[in-house]
Amino acid sequence: MSCRDKFKNSRKESFFEQLPTDLVAKTKLASFVKFNIKYLDSSRSGEGFLIFSDLSEKQKKMVFDKIKEFTGNSKKYWERTAMLGSHHVLERYSESVLDSKCVSLPKHVPVDVEWYRWRLEGDFRLIGFFISKERWHEEVKIDGEDFFLDPNTFYLVYIDPEHHFYKTT
């Protein structure tokens, strides 16, 4: 037995073998969809929109399972992933649809965003927005600190179990 083998600590070596070795830059982290609930609107619950506490346990589990699934890929991936024929899991609302067929947009949301819907199950939707393409990676200064706008962050505004956001009448 060599001197080196005599002083080996197998528990320490086993511990270090379990630690992550990838750097952030070598992962897909930047491409993953992220969810932000800062703009979640709780003022319209009487209009069919819900907040998390209004959801049944089954609905909560479904919503969180879907969010976990969505955060495993990029926005572009979900815009291309078909669900129910020609419909996609993630779709952008056009300006004409927003102006004519959707409920009035909340005043607390910035005006220069792109509105989207996530299809979950049946008519259940998550409604919100992404930063517009023109603003992607734009540097903004807030309280003297630099930040960059992220094209893969979805800002949730409405939890819409019966798709009330899109007016049918």
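Leaving aside its neighbours within four places in sequence, which residues is L126 in contact with? In this predicted model, L126 touches F35, I67, Y116, R117, W118, L120, F154, L156, Y158 and I159, where contact means heavy atoms within 4.5 Å.

A word on the ground rules first. This is a predicted model, in which local features need pLDDT of at least 70, side-chain atom pairs count only at pLDDT 80 or more, and totals for chains, interfaces and linings use all residues. Residues are numbered from 1 along each chain as its sequence is written, and side-chain values use heavy atoms, with hydrogens and water left out.

**The nonpolar cores**

L126 also appears among the residues with the most contacts inside the largest nonpolar core, together with V63, W118, L120 and F124. That core has 20 residues. Here a nonpolar core is a set of buried Ala, Val, Leu, Ile, Met, Phe, Trp, Tyr and Cys residues joined through side-chain atoms within 4.5 Å. Buried stands for under 20% relative accessible area, exposed for over 50%, and partly exposed for anything in between (1.4 Å probe, protein chains only).

At least two residues of this core come from each of α3 (57-70), β3 (113-119), β4 (125-131) and β7 (153-160). With four residues, α3 gives the most. These helices (H or I, at least four residues) and strands (E, at least two) are DSSP runs, numbered from the N terminus. Separate from this is a second core of 18 residues, which includes F49, V103, F129 and V140. As a general point, nonpolar side chains in soluble globular proteins tend to be buried together.

**Salt bridges**

Searching the whole structure turns up 11 salt bridges, each being a side-chain nitrogen of Lys or Arg within 4 Å of a carboxyl oxygen of Asp or Glu. Three of them are set out below.

| Pair | N to O distance |
|---|---|
| K34 and D150 | 3.3 Å |
| E91 and R117 | 3.5 Å |
| D146 and K141 | 2.8 Å |

K34 and D150 bring together distant parts of the chain, 116 residues apart: K34 lies in strand β1 (residues 34-36), and D150 in the loop between β6 (145-148) and β7. K34 counts as partly exposed because its relative accessibility is 27%.

The E91 and R117 pair also links distant parts of the chain, from strand β2 (residues 90-92) to strand β3, with their positions 26 residues apart. Both E91 and R117 are buried.

In the remaining pair of the table, D146 is partly exposed because its relative accessibility is 39%, while K141 is exposed, with a relative accessible area of 59%. Elsewhere, K75, R92 and E114 are joined into one network by salt bridges that share partners.
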